[in-house]
Amino acid sequence: MSEQQHTPAPTVTAGEAIGHAARLLAQAELELTNLPLIERLDQLACSWLAAANLLNERERV
């Protein structure tokens with residue numbers, strides 16, 4: 001049997017997470033008529049902001 005190498009998951013910083021959220025919100029602002037897409041982009045942005053908050057809290061500990 002061959003050994004499988006474990007590839008570490010990429011890490012994300014709080015700043016990068018905020019940048020992802022900002023990009024998603026900017027895209028949502030460009031959508032004028034597709035309300036389901038706007039709502040989904042907003043939900044994804046909120047998820048990134050929640051992740052950024054957790055990362056910031058982890059750095060403080």
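Start by selecting helix α2, residues 35-60, in this predicted model. Its 26 residues, at 1.5 Å a residue, should span 38 Å. The C-alpha atoms at its ends are 38 Å apart, so the expected span and the model agree.

Keep α2 on screen and pick out Leu41, Ala45, Ala52 and Leu55, which are its buried residues. What lies over them? Part of the cover is α1, residues 14-30.

Now show α1 and α2 together. Two packed helices are described by the angle between their axes and the distance between the axes. For α1 and α2 the angle is about 165° and the axes are 8 Å apart. An angle over 145 degrees counts as roughly antiparallel, and α1 and α2 are therefore roughly antiparallel to each other. Their crossing is left-handed.

Next, select the residues that make this contact. On the α1 side they include Ala14, Ala17, Ile18, Ala21, Leu24 and Leu25. On the α2 side, Ile38, Leu41, Ala45, Trp48, Ala52 and Leu55 are among them. Sorted by class, the contact has 15 nonpolar, 3 polar and 1 charged residues.

Last, go to valine 12, in the segment before α1. Is valine 12 buried or exposed? Valine 12 is partly exposed, because its relative accessible area is 32%, and the partly exposed class lies between 20% and 50%. Leaving out residues up to four places away in sequence, valine 12 touches Ala17, Trp48 and Leu55. Select leucine 55 as well: it is 43 residues from valine 12 along the chain, and the C-alpha atoms of the two are separated by 8.6 Å. Leu55 has come up before, as one of the buried residues of α2.

Conventions. Residues are numbered from 1 along each chain as its sequence is written. This is a predicted model: local features need pLDDT of at least 70, side-chain atom pairs count only at pLDDT 80 or more; totals for chains, interfaces and linings use all residues. Side-chain values use heavy atoms; hydrogens and water are left out. Helices (H or I, at least four residues) and strands (E, at least two) are DSSP runs, numbered from the N terminus. The expected span of a helix is 1.5 Å times one less than its number of residues. Buried means under 20% relative accessible area, exposed over 50%, partly exposed in between (1.4 Å probe, protein chains only). Contact means heavy atoms within 4.5 Å. Axes are lines fitted to C-alpha atoms, for helices over the stretch in contact, and angles run from 0 to 180 degrees between N-to-C directions. Angles under 35 degrees count as roughly parallel, over 145 as roughly antiparallel, 65 to 115 as roughly perpendicular and the rest as oblique. A crossing is left-handed if the near helix is turned anticlockwise from the far one by less than a right angle, and right-handed if clockwise. Ala, Val, Leu, Ile, Met, Phe, Trp, Tyr, Cys and Pro count as nonpolar, Asp, Glu, Lys and Arg as charged, and the others, Gly among them, as polar.
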